[in-house]
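Trainee: I have a structure open on my screen, and I would like to learn how to read it. Could you walk me through it step by step?

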Amino acid sequence: EKGAYPFFMLKEIDEQATVARHLIKHYFVDGIPHIDAAILKSIKQADRLYIIAAGTSYHAGLIGRRFFEKWAGIPTEVHIASEFAYDHPLISKNPFFIFISQSGETADSIQVLEFVKKAHYASLTLANVMNSTLTRDVDFALPLLAGPEIAVASTKAYTAQIITQIILAAALAGGHTDLQGQLSRLAVDMQAVIDGKDHIKALADDYLVNADRAFYIGRGADADVTLEAALKLKEISYTLVEGFAAGELKHGTISLIEHGTPVIGLISQSKTAGLTRSNLEETIARGAKTMTIATKNLASANDEIILPELTGEMEMFGPILEAIPIQLLAYYTSLGRKLDVDHPRNLAKSVTVQ
Ligand code: F6R
């Protein structure tokens, strides 16, 4: 039930800090990330991970990949299920497949699972709906614990998918000092961002409700989030949006910048913050109306959305905090256009056809 909420999407955005806490409670034992030993053993035998998913779940996989590589030291590829099913790359000797899905019923991912089973490759599904095709027909399954997600646009499942991958990567790495503490602080930060929604509504009204196109740019993990930011805004507000690596602007897309074109920059990665800022400046010089979403430690006073500070290793959690304003911008743009936020045209919650 959505109670006092006008749409399920807003309720589900609001629930994200709570979902993070559920995941911490479920997956930590005595401060240590705890994953079934059989799962860890099977993954540790692998020479490469193949993450398979669609849409928003694919975007979560892009973020997860960074943790599997950096923390667990396992080379990881992320693939769009519908592409992998008909055109897969050369597969390593000992692959391990990770399916990510909110519904567990995405036909494109099921198609890949059938291939994986035939080849006798090991597999794990991270799903929100347990007891679904993708959790039943697989070697292992782990729950995302986001609770029912009703709005067509996925929100809390996305952050739950990222957090679950982080916990799995930490468990593979042999524990992680203070991950529980870090994730608990992150949940507090997520709530603080959610509580700033009125400000984000004002920005959506100012920048996006009357725009026919928009761009999201960022680098590294922030570039991964631009894809999700663009998808969210496209699917519920019908704005033509592209999200891409900021460095690619000057290789083509900058020609689309006109007077007043909204360009939104995501900045949570210290190595590239300055570069993304220069790219934003380049679009301003062509008339763009820029909005900057930055973590506090990398923010400048004029930035439109300032997220809580994330320094050191915590920087890797940037996408989780960025998820909230990009979801809220999409929500309020759709709302501002008086659209049916929860039921965008032509879309189904679970895509059971290929
Ligand atoms: C976008 C969205 C879709 C799904 C995709 C995969 O907001 O919800 O892109 O992420 O259809 O669905 P699942 O995760 O159920 O496999």
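**Reading a predicted model**

Mentor: Happily! Let us begin with one residue: Asn128 sits in the loop between S6 and helix H7 (133-136). Keep in mind that this is a predicted model.

Trainee: Is Asn128 buried or exposed?

Mentor: To decide, we look at relative accessibility, and under 20% means buried. Asn128 has 12% relative accessibility, so Asn128 counts as buried.

Trainee: Which residues is Asn128 in contact with, leaving aside its neighbours within four places in sequence?

Mentor: They are Ser101, Gln102, Leu144, Leu145, Ala146, Gly147 and Glu149. For Ala146 there is a polar detail too: a polar atom of the Asn128 side chain lies 2.9 Å from the backbone nitrogen of Ala146.

Trainee: Ser101 and Gln102 are in that list. Which residues come nearest to the ligand?

Mentor: Those two are among them. There are 15 residues around the ligand, and Ser57, Ser101, Gln102, Thr106 and Glu235 come nearest. Now look at atom pairs. A polar side-chain atom of Ser101 is 2.6 Å from an oxygen atom of the ligand. With Gln102, a polar backbone atom lies 2.6 Å from a ligand oxygen. Thr56 also takes part through its backbone, where a polar atom is 3.1 Å from an oxygen atom of the ligand.

Trainee: Now the strands, please. How do I read a sheet?

Mentor: Read the order of the strands across the sheet, then find the edges. One open sheet here has 5 strands in the order S4-S3-S5-S6-S7, with parallel pairing.

Trainee: Why is one side of S4 and of S7 left without a neighbour in the sheet?

Mentor: Strand S4 (76-80) and strand S7 (140-143) are at the edges and each has a single partner strand, so one side of each has no neighbour in the sheet. On average, neighbouring strands of this sheet are turned by 20° against each other, ignoring direction. For a close look at one pair, take S3 (residues 48-53) and S5 (residues 95-101), which run parallel and are joined by 5 bridges. Within S3 and S5, Tyr50 stands opposite Phe97.

Trainee: Which helix lies across this sheet's S3, S5, S6 and S7?

Mentor: That is helix H8 (residues 156-172), which runs at about 150° to S5.

Trainee: What about the other sheet?

Mentor: Try the reading method again. This open sheet also has 5 strands and parallel pairing, in the order S9-S8-S10-S11-S12. Its edge strands, S9 (240-245) and S12 (305-307), each pair on one side only. Here the average turn between neighbouring strands is 15°, direction ignored. S10 (residues 262-267) and S11 (residues 289-295) pair in the parallel sense over 6 bridges, and Ile264 stands opposite Met291 in S11. Helix H12 (residues 273-285) lies across S8, S10 and S11, at about 170° to S10.

Trainee: And how should I think about a nonpolar core?

Mentor: In soluble globular proteins, nonpolar side chains tend to be buried together. In this model the largest nonpolar core has 93 residues, of which Ile98, Leu124, Phe317 and Leu329 touch the most other members. H8 gives the most to this core, with 11 residues.

Trainee: What does Phe317 touch, not counting residues up to four places away in sequence?

Mentor: Phe317 touches Phe67, Trp71, Ile166, Leu179, Gln182, Leu183, Leu186 and Leu310. A second, separate core has 14 residues, including Leu249, Ile257, Val263 and Leu298.

Key: Residues numbered from 1 in each chain as written. Predicted model: local features only at pLDDT ≥ 70, side-chain atom pairs only at ≥ 80, totals over all residues. Heavy atoms only, no water. Pairing = 2+ DSSP bridges. Helix = DSSP H or I, 4+ residues; strand = E, 2+ residues; numbered from the N terminus. Axes fitted to C-alpha atoms, helices over the stretch in contact; angles between N-to-C directions. Contact = heavy atoms within 4.5 Å. Core = buried A, V, L, I, M, F, W, Y, C linked by side-chain atoms within 4.5 Å. Buried < 20%, exposed > 50% of the residue type's maximum accessible area, 1.4 Å probe, protein only. Near = heavy atom within 4 Å. Polar contact = N/O pair within 3.5 Å; in protein donor to acceptor, adjacent residues only side chain to side chain.
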